[in-house]
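Here's a quick walk through a few spots in one protein chain. Have the viewer open and follow along.

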Amino acid sequence: MGNNIVSIIVPVYNAEKSIRRCIDSILEQSYNDTEIVLVDDGSTDSSGMICDDYQKKDNRVRAIHTTNHGVSHARNVGIAESSGEFITFVDSDDHIAPTFLENYMQYKDFELVAGGYQTFPQHHQMTFQDNSYCISKGDASRLSPMVARLDGSCWAKLFRSNIIKNNNLWFDESMKFSEDTLFSVKYMYYIDTLKTISDTGYHYYVQSNTPAEFKYNFNKQILDSILGKLLDAYQQLEHKWRTEINHSNFRIGVACFPVQHIYDNMSDDDYYDLYYKYFYQADKEQFYKDSICSPYIRTITAIKAYLSIGNKKQARAIMKGCHKLYGDRIKTINYPYPLYSTIAKLISSHHFKTAEVVFLAYNKLKELRNKVGR
């Protein structure tokens, strides 16, 4: 393939309900010098057959089948099999607007192009301003506050294939989350120019607000390993750019510590140890007040999540554990939402049933508002 070909890598696993929408959005791009690399990661539904059907219909599509090793392995296979000069990633439950690639390829001379996105079905947006950066010309200090927003995903970005392959950049297949953050930070180590654009043509499907700890079997050791790799990558970037990098998104990683572990052991010491290690020896008062990592806030989020899936027994068990471990202290911080403040007061006063009723009523009201909004 010649210059200016964009390889779109799509990892696919049991995505029969969304994969057609995803592929169609890529095939309908106004910029069509593309190859679409579909990597079926051992799907047990009809996803693999759907990929094969598209390969038969359009010579830009390649369907590759592997045994199930996870999304990082699938992306790595896609990188290895790609032949375009540029690489971008699209997840199989997401889709892109018709001018997505055209808007990014206008800035192909930059070594990284990063844009925003919009979620669906909620239609929330994350946007960037149109800005150009050159590290060798002193722009590192301008760019460093942006890194926490730039590194959160591998999609909505246009990468150079030669930078990835020449520097042996791969997704870490041992990481259960933040593997795309690590990949992006490592990639930024090797670039000099970067362009942010205001485009929000990437449509990111948010299935639910289920906490990451529900999806993965995390423990302190796993999280410490992941955060350690990320910190090392950030420190290398800081050393090269000679400026401090904002890695506030570490708090999101720390906040994946399982709430259930706190109440199984009736102690938040392990959680605090992790927080203390990565947040400059913050004291416990700061820990409890942290808007993302606070065990009080995360406890209420976990209760809300369990009630939303109908698991009242587990929600009640966490309420009881919270009341026993924290008592009135759970009322002492400023919560990000009025609902959380109300629930904290109810838990501290042992009114668990009322807390359930309030949560469920809130969920019903939210559903009604969403229906009216449609």
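What follows is a tour of two residues, one helix and one sheet.

Keep in mind that this is a predicted model.

Let's start with Ser 161 and Lys 176. Is each of them buried or exposed, or something in between? The table puts their values together.

| Residue | Place | Relative accessible area | Class |
|---|---|---|---|
| Ser 161 | helix α7 | 6% | buried |
| Lys 176 | loop between α7 (161-166) and α8 (179-189) | 35% | partly exposed |

Ser 161 counts as buried because its relative accessible area, 6%, is under the 20% cut-off. What does Ser 161 touch, leaving out residues up to four places away in sequence? Its contacts there are Gly 84, Glu 85, Phe 86 and Ile 87. With Gly 84, a polar atom of the Ser 161 side chain sits 3.5 Å from the backbone oxygen.

Lys 176 is partly exposed because its 35% falls between 20% and 50%. Its C-alpha atom is 19 Å from that of Tyr 278, a residue 102 positions away along the chain.

Now jump to helix α17, which covers residues 338-348. Its buried residues are Leu 339, Tyr 340, Ile 343, Ala 344, Leu 346, Ile 347 and Ser 348. After α17 comes His 350, with a positive phi near 70 degrees.

Last stop, the sheet. Four strands make up an open sheet with mixed pairing, ordered β5-β12-β7-β8. At its edges are β5 (95-96) and β8 (125-126), each paired on one side only. β5 runs antiparallel to β12 (residues 202-205), and two bridges link the pair. Look there for Ile 96, which stands opposite Tyr 202 of β12.

Conventions
Residues numbered from 1 in each chain as written. Predicted model: local features only at pLDDT ≥ 70, side-chain atom pairs only at ≥ 80, totals over all residues. Heavy atoms only, no water. Buried < 20%, exposed > 50% of the residue type's maximum accessible area, 1.4 Å probe, protein only. Polar contact = N/O pair within 3.5 Å; in protein donor to acceptor, adjacent residues only side chain to side chain. Contact = heavy atoms within 4.5 Å. Pairing = 2+ DSSP bridges.
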